[in-house]
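Q: I have a structure open and I'm new to it. Could you walk me through how to read it, one feature at a time?

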Amino acid sequence: MPKYFNTIKLKISDEEKKLRLEDYRYALENGYYFGPPVDIDDFMNKDIFDEFVRFKCLNCGTEHDEEYDILLEIWDESISDYPKIYCENCGKESSVPLDVYHKQTLKVFR
Ligand SMILES: [Zn+2]
């Protein structure tokens with residue numbers, strides 16, 4: 001759990017679980033995955049969550065959600081307290097987590 005912003009946890013649907021199982025089976029059959037076997041019933045009965053971060057652009061205000069897993073790959077915590085990514089709308093590298101957005105815009109009005 002990151003220190004400077006919150007994440008949103010969303011339960012994945014049964015359809016999404018089925019898709020993930022298919023991916024998993026494919027990976028097993030083709031040797032892309034080495035690991036303990038997954039109990040299919042167990043997997044289908046479990047609540048599985050995806051973690052997202054709500055982003056808001058400091059330039060144009062557009063909001064969007066990004067998967068936390070993906071962020072962890074592009075964000076170096078030792079360099080910055082929070083990830084900064086390209087905005088889908090204006091194309092500027094000024095989209096920050098919503099909590100960071102509020103902190104930064106508050107400073108402007110202080
Ligand atoms: Zn923007």
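A: Sure. Let's begin with confidence: pLDDT is the predictor's confidence in each residue, from 0 to 100. You need that here, as this is a predicted model.

Q: What does the protein chain average in pLDDT, and where is confidence lowest and where highest?
A: The protein chain has an average pLDDT of 91, and 96% of its residues score at least 70. Confidence is lowest in helix α4 (residues 98-109), with a mean of 84, and highest in strand β4 (residues 95-97), at 97. As a general habit, where pLDDT is low, the predicted coordinates should not be read in detail.

Q: Next, the parts list. How many helices and strands are there in the protein chain?
A: Count the elements, then read them in order. The protein chain has 4 helices and 4 strands, and along the sequence they follow the pattern β-α-α-β-β-α-β-α.

Q: What can I say about the overall shape, starting with the radius of gyration of the protein chain?
A: Set the value beside what a compact globule would give. For 110 residues that would be near 13 Å, but the protein chain has 18 Å. The C-alpha trace also spans about 55 × 25 × 25 Å along its principal axes.

Q: How do the strands pair, say β1 with strand β2 (residues 49-57)?
A: For each pair, look for the direction and the bridges. β1 and β2 are antiparallel, with 4 bridges, and L10 stands opposite D50 in β2. β2 is also antiparallel to β3, joined by 5 bridges; there, R54 stands opposite D65, and F55 has H64 as its bridge partner. Then β2 pairs with β4, again in the antiparallel sense, over 3 bridges, where K56 is partnered by V96.

Q: What happens in the hairpin of β2 and β3?
A: Check the residues between the strands, and their backbone angles. This hairpin has 5 residues between its strands, and G61 takes a positive phi near 85 degrees. Another positive phi comes after helix α1: G31 follows α1 with a phi near 75 degrees.

Q: Speaking of helix α1 (residues 14-29), how many residues does it have, and how far does it reach?
A: For a helix, compare its reach with the expected span. α1 has 16 residues and reaches 22 Å from its first C-alpha to its last, close to the 22 Å expected.

Q: Why does α1 lie largely in the open?
A: Here you count buried residues. Of the 16 residues in α1, the number buried is 0, so α1 lies largely in the open. For the whole protein chain, buried residues make up 10% of the 110.

Q: Which residues make up the largest nonpolar core?
A: Look for buried nonpolar residues that are joined together. The largest core has 5 residues: F5, V53, F55, V96 and Y101. Take V53 and skip its neighbours within four places in sequence: its contacts are F5, T7, D65, E66, Y68, L71 and P97.

Q: How do I judge a single residue, such as S13? Why does S13 count as exposed?
A: Count the C-beta neighbours; 12 or fewer within 10 Å makes a residue exposed. S13 has 10 inside that distance, so S13 counts as exposed. You'll find S13 in the loop between β1 (8-11) and α1. Its C-alpha is 11 Å from that of K46, although the two are 33 residues apart in sequence.

Q: And why do E67 and I8 count as partly exposed?
A: Same kind of counting. E67 has 13 C-beta neighbours inside 10 Å, so E67 is partly exposed, and I8 is partly exposed because 13 other C-beta atoms lie within 10 Å. E67 belongs to strand β3 (residues 63-67), while I8 lies in strand β1.

Q: How far apart are E67 and I8, and what does each one touch?
A: Compare separation in sequence with distance in space. E67 and I8 are 59 residues apart in sequence and 9.4 Å apart in space, C-alpha to C-alpha. Leaving aside neighbours within four places, E67 is in contact with D50 and F52, and I8 touches F52 and R54. Across the protein chain, 61% of contacts between residues at least 6 apart in sequence join residues at least 24 apart.

Technical notes: Residues numbered from 1 in each chain as written. Predicted model: local features only at pLDDT ≥ 70, side-chain atom pairs only at ≥ 80, totals over all residues. Helix = DSSP H or I, 4+ residues; strand = E, 2+ residues; numbered from the N terminus. Rg over C-alpha atoms; globule rule 2.2 N^0.38 Å. Buried ≥ 20, exposed ≤ 12 C-beta atoms within 10 Å, placed from the backbone. Contact = placed C-beta atoms within 7 Å. Core = buried A, V, L, I, M, F, W, Y, C linked by C-beta atoms within 7 Å. Expected span 1.5 Å × (residues − 1). Pairing = 2+ DSSP bridges.
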